[in-house]
Amino acid sequence: MQAQTHLNDCFKGAYGQSAELTSYAPGRVNLIGDHTDYNDGFVLPAAINFGTSILASKRTDRLVKVIAIDINNEQLSFDLDDVSFDDSALWSNYIRGSLIELMSAGEDIQGANLLISGNVPQGAGLSSSASFEIAILKTFADLYQLSLSGIDAAKMGQGAENNFVGCNCGIMDQLISALGKKSHAMLLDCRTLTYNYAKIPTDMTIMVVNSNVKRELVASEYNTRREQCEQVAKFFNKSALRDVTLSQLEASKSDIEDQLYRRARHVISENERTIHALTALNDNDMPTLSRLMAQSHASLKDDFEVTVPELDILVEILSAVLGNRGGTRMTGGGFGGCVVALMPKALVEQANNAVLEQYQVRTNIKPDVYICTAEQGAFTA
Ligand code: GLA
């Protein structure tokens, strides 16, 4: 992220005044529970030390002016009374969509001058877009003194994706970006939106490794997975796979097409693993977490089919170092992006070296390793 003084200078240079405020929202990494959120299930993410910063000041008219420092200083503006999808600056649709949600909820806002800068790796499955949406909502909440809760903001951010951007995502990314807690992961029930925090043991580190396989066809593949899950829930006459048990699924196996059966088996078993993982994390029970994370990865690979060979290779390299002293799996939506590993601090150097020595040799791609800490969300009290 660019230094604050540099950003202040850029803001002043562009708008002829100092920013009134700076808001910030983090990206996230999910420890376990993927493709469960839109099935009304459970997830265990943490907000991380990468995020989106927005410097802002109010305007008295209806214009929103934006400068995106990290996208070649691209500049644009739009009118709050005439917000339309912008094919030529796709990044700006996260702002547009979020503000439409805010206005549809009846919030009274005017325009703003904005300068945006972020360091969440793009397209890596660390929720750069959710961090952007939540940062925008936090900016307008603070500029116009709106009484927006973290849950309101998360729903609006998700609404921006679902109703405007065209990704049928669940609520995990926006909710953890809004309500993450320092040094903690969050077990979120995506049906009731109730949550518990679980402390990351102090001797543990969260390592995230970017495969640098750019995610492709994510939105279409993602939306297909979601439809498949909904199809199986409908078969059981339930509103979501959350309400189907593994034994019910097994009993109907012969009536369900094999691919759909495997999609559902992933979701139902992943929900169980995620709840179990909360207890293991609270008990600092690494062998159990290690097993649950390995099972999660295998299920995402074989049943849900959202990994790519590069993610499988990273998990292989890391688990050879960690054994049952730590856990590793792909994280987020898949189709490229990152793996997460939770490991004792004492193993970080060895794990890092193994990734650097082996990944590029096996894939011809240079990986990036991020050491992550769990951080506060933008709306956390
Ligand atoms: C993406 C979506 C989330 C969630 C994950 C998979 O990050 O935005 O809602 O579904 O994929 O767990």
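**Figure 1. C338 is a buried cysteine, with a relative accessibility of 1%.** This is a predicted model, so keep that in mind for every view here. What is the closest cysteine sulfur to that of C338? It belongs to C372, and the two sulfurs are 8.4 Å apart. A disulfide needs the two sulfur atoms within 2.5 Å, so 8.4 Å is too far for a bond. Searching the whole structure turns up 0 disulfides. Another cysteine, C10, is partly exposed, and its relative accessible area is 22%.

**Figure 2. The whole chain has 11 helices and 12 strands.** Its radius of gyration is 21 Å, close to the 21 Å that the globule rule gives for 381 residues, so the chain is as compact as a globular protein of that length. Picture a box of roughly 60 × 50 × 40 Å along the principal axes: the C-alpha atoms fill it. How much of the chain is buried? Buried residues make up 59% of the 381. Now take the contacts with a separation of 6 or more: 72% of them join residues 24 or more positions apart. As for the outside, the accessible surface is about 15,100 Å², and carbon and sulfur atoms account for 46% of it.

**Figure 3. A56 sits in strand β3, which covers residues 45–58.** Is A56 buried or exposed? A56 is buried, with a relative accessible area of 0%. Look around A56 and, leaving aside neighbours within four places in sequence, you'll find it in contact with F11, A19, E20, L21, N113, L114, T139 and L143. Take L21 from that list: L21 and A56 are 35 residues apart in sequence, yet their C-alpha atoms are 5.6 Å apart in space.

**Figure 4. N271 belongs to helix α8, residues 258–282.** At 8% relative accessibility, N271 counts as buried. Which residues does N271 touch, not counting those up to four places away in sequence? They are T36, G41, F42 and R242. T36 is worth finding on the chain: 235 residues separate T36 from N271 along the chain, but their C-alpha atoms are separated by 6.7 Å.

**Figure 5. Helix α5, residues 172–179, is mostly covered.** How many of its residues are buried? The count is 8 of 8. Going along α5, you meet the buried residues M172, D173, Q174, L175, I176, S177, A178 and L179.

**Figure 6. Y195 and Y197 make an aromatic pair.** The structure holds 8 aromatic pairs. In the one formed by Y195 and Y197, the rings are edge-to-face, at 5.5 Å centre to centre and with 65 degrees between the planes. Why give two values? A pair of aromatic rings is described by the distance of the centres and the angle of the planes. Edge-to-face means planes over 60 degrees apart, so the 65 degrees of Y195 and Y197 fits that label. Both tyrosines are partly exposed: Y195 has a relative accessible area of 30%, and Y197 has one of 26%.

**Figure 7. K138 lies over the face of F379.** How far is K138 from the ring centre of F379? The distance is 5.2 Å.

Technical notes:
Residues numbered from 1 in each chain as written. Predicted model: local features only at pLDDT ≥ 70, side-chain atom pairs only at ≥ 80, totals over all residues. Heavy atoms only, no water. Buried < 20%, exposed > 50% of the residue type's maximum accessible area, 1.4 Å probe, protein only. Phe/Tyr/Trp six-rings, centres within 6.5 Å; stacked < 30°, edge-to-face > 60°. Lys NZ or Arg CZ within 6 Å of the ring centre and 35° of its normal. Helix = DSSP H or I, 4+ residues; strand = E, 2+ residues; numbered from the N terminus. Contact = heavy atoms within 4.5 Å. Rg over C-alpha atoms; globule rule 2.2 N^0.38 Å. Areas by Shrake-Rupley, 256 points an atom, 1.4 Å probe, with all protein chains shown as cover.
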